[in-house]
Amino acid sequence: MARPYKKKIISHPLICNRFIPAENKAKNLLIRLSLEELETLRLIDVLNLTQNQCSQIMGIARTTVQSIYKSARKKTAAALTQAIELVIEGGDYHICNQISNKTNNKNSILENKGEYIMKIAVTYENGKIFQHFGHTEQFKIYETDGQNNITATQILNTNGTGHGALAQLLKENNINVLICGGIGGGARNALAEAQIELFGGVEGDADKAVENYLKGTLSYNPEVMCKSHSHNGSNHSHSCGEHSCGEKCKSN
């Protein structure tokens, strides 16, 4: 099941929506830049924020920011180098008036970083990432601020809750990101419905994994699946990329 589509938060008013080259030789051409594409350029290139900070401000996943930002830079570069008219319009967004007056510079964003708290959950056992999401007895929860600093941690006991119900537990605790080892298809769908970003196929130290996530260097496998939940009923397991999926897991 696809993740529910989320409107992007735009926190700065549009000043100008059209740029026309003085020598507009390509009059029959037009490049359209969406408002959310412009917002990623403003936050990342003008205010020098990280993509993770940008994702928190816009209320979307970091991977979505990466895609929007890449598209925005490509369009802008094409307009500048080929002298093509650039029009800024459209998109799927909403204006957040509450913070529109607070995000005109980097310092004001970071002064109000409490508005952008992110919570990361990791399947947890004895300091390590537990390798079966549906059987985990604990999550370690990390709370971070707008500057990717971990401000608090806690242990959340699942109390026997399993599989799909765990997604609801995480949603009730306002979790934005889950890092885990193996995970079944049903649980993946439940997390998508809860709008929790998943990073599966991760092993090793839980604290280190969160540190890598915040740096943007976390190694994970987006296709990881637990063997017991595979669609084909296969019972074999193998490594995923540079590391193993974990206990009884396979790539889908």
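**Starting from I84**

I84 is buried, with a relative accessible area of 8%; buried here means under 20% relative accessible area, exposed over 50%, and partly exposed in between, using a 1.4 Å probe and protein chains only. Before going further, keep in mind that this is a predicted model, where local features need pLDDT of at least 70 and side-chain atom pairs count only at pLDDT 80 or more, while totals for chains, interfaces and linings use all residues. Residues are numbered from 1 along each chain as its sequence is written, and side-chain values use heavy atoms, with hydrogens and water left out.

So what is around I84? This residue sits in the loop between helix 3 and strand 4; helices (H or I, at least four residues) and strands (E, at least two) are DSSP runs, numbered from the N terminus. Setting aside neighbours within four places in sequence, I84 is in contact with F19, P21, A26, L29, L30, I31, A78 and A79, where contact means heavy atoms within 4.5 Å. Take A26, one of these partners: it is 58 residues from I84 in sequence, yet their C-alpha atoms are 5.9 Å apart in space.

A83 belongs to that loop between helix 3 and strand 4 too. Its phi is near 55 degrees, a positive value in a residue other than glycine. At 27% relative accessibility, A83 counts as partly exposed.

Now follow the chain into the sheet. Strand 4 (residues 85-88) pairs with strand 3 in the parallel sense over four bridges; two strands pair if DSSP finds at least two bridges between them. Within that pairing, I31 has L86 in strand 4 as its bridge partner. Helix 3 (residues 62-82) packs on the sheet and touches both strand 3 and strand 4, its direction making about 150 degrees with that of strand 3. Helix 1 (residues 35-46) also lies across strand 3 and strand 4, but runs at about 70 degrees to strand 3. For these angles, axes are lines fitted to C-alpha atoms, for helices over the stretch in contact, and values run from 0 to 180 degrees between N-to-C directions.

Zoom out a little, and three strands form an open sheet in the order 2-4-3, with mixed pairing. Strand 2 (18-19) and strand 3 (30-33) are the edges; each has a single partner strand, so one side of each is left without a neighbour in the sheet.

Helix 1 turns up again in the lining of the second largest pocket, where it gives the largest share, six residues. That pocket has a volume of about 220 Å³. Of its 14 lining residues, H12, P13, L14, L38 and R42 are the closest to its centre. On a 1 Å grid over the protein atoms alone, a pocket is an open set of points where a 1.4 Å probe fits, with protein on both sides within 12 Å along at least five of seven lines, and lining residues have an atom within 4 Å of a point. Points are joined across faces, edges and corners, and the volume is the space filled by probe spheres set on them.

Two more stops lie further along. N174, in the loop between helix 6 (164-172) and strand 10 (177-179), has a positive phi near 60 degrees and is exposed, with a relative accessible area of 54%. In helix 7 (residues 185-193), the buried residues are G185, A187, A190, L191 and A192. After helix 7 comes Q195, with a positive phi near 60 degrees.
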